[in-house]
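This report covers the pockets of one protein model and the surroundings of a single residue. The sequence and structure come before the details.

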Amino acid sequence: MAKLRYFDAKKPAEPEPELPAASHSEFLRTGRITRDRAHWLAEERRYLSYEEVAERTANKLRNAGEKTHDRLNSFHKSIRFPKLIFHHTLKDTPHLGYCHVTAARTQFAQYEEVSWAFYIANFFARIGQNDNFFENISLKYSRMYFAVAVHPDQESPEKKLTINREIRGNGVLFHTHDPQIAIRNVLLLGARNEQLRDIIRQL
């Protein structure tokens, strides 16, 4: 696959300068080739480095994470989530990335206590079944919201958190492109009692 190139599409075009005389007329009259910018026929595109693209993506992801976290914590005083916002952009496509918003522990169904993490991505994909975090990346939807069960990786010296695939077979607690469904599901995970869960389910 060819390496992607990015250019600054939002850069405002400079107004067309008035040309004093046609280039060929100037050459015939003076014998000089004019190299002033005024005689260029097209505005040159400014290409962005992968680092610049990644930084722009990071800003958008952080903003989305901040707003989502504020929205979650404004629902009810008994539901509070820690703000744990950090992002990653995909290696060869830095315009795509995901943002970790919060993490907590909960009890539900047959599981005693489950640690989980909630994410937002600016693309849609399946959560990977193996070492690949994402599979079948698609731009069908502009956002993806998902929560996964997590636990420390015993094989890692730093005990890094990884998806706990013992929960529900793949570790995925929910996965949607709908922000309303995502908010409701995170609130359900954070609710401390069944009465509050019933209120949230009616939203």
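Which element gives the largest share of the lining of the second largest pocket? In this predicted model, that element is H2, with 6 residues. Helix H2 spans 50-73, and strand S1 (6-7) and S4 also supply at least two residues each. Lying nearest the centre of this pocket are Val-53, Arg-56, Thr-57, Lys-60 and His-95.

The largest pocket comes next. Its centre has Tyr-119, Phe-133, Leu-161, Thr-162 and Ile-163 as the closest of 17 lining residues. Two or more lining residues come from each of strands S3 (86-90), S4 (93-108), S5 (111-121), S8 (144-152) and S9 (161-163).

The table sets out volume and lining class for both pockets.

| Pocket | Volume | Nonpolar | Polar | Charged |
|---|---|---|---|---|
| Largest | about 530 Å³ | 10 residues | 5 residues | 2 residues |
| Second largest | about 420 Å³ | 8 residues | 3 residues | 6 residues |

The last topic is one residue of a strand. Thr-176 belongs to strand S10, which covers residues 172-176. Is Thr-176 buried or exposed? Thr-176 counts as buried because its relative accessible area is 10%, and the cut-off for buried is under 20%. A polar atom of the Thr-176 side chain lies 3.0 Å from the backbone nitrogen of Asp-178. Leaving aside residues up to four places away in sequence, Thr-176 touches Phe-124, Met-144, Tyr-145, Ile-181 and Ala-182.

Terms used
Residues are numbered from 1 along each chain as its sequence is written. This is a predicted model: local features need pLDDT of at least 70, side-chain atom pairs count only at pLDDT 80 or more; totals for chains, interfaces and linings use all residues. Side-chain values use heavy atoms; hydrogens and water are left out. On a 1 Å grid over the protein atoms alone, a cavity is a set of points where a 1.4 Å probe fits but cannot get out, and a pocket is an open set with protein on both sides within 12 Å along at least five of seven lines; lining residues have an atom within 4 Å of a point. Grid points are joined across faces, edges and corners, and a volume is the space filled by probe spheres set on the points. Helices (H or I, at least four residues) and strands (E, at least two) are DSSP runs, numbered from the N terminus. Ala, Val, Leu, Ile, Met, Phe, Trp, Tyr, Cys and Pro count as nonpolar, Asp, Glu, Lys and Arg as charged, and the others, Gly among them, as polar. Buried means under 20% relative accessible area, exposed over 50%, partly exposed in between (1.4 Å probe, protein chains only). A polar contact is a pair of N or O atoms within 3.5 Å; within protein, one must be able to donate a hydrogen and the other to accept it, and residues adjacent in sequence count only if both atoms are side-chain atoms. Contact means heavy atoms within 4.5 Å.
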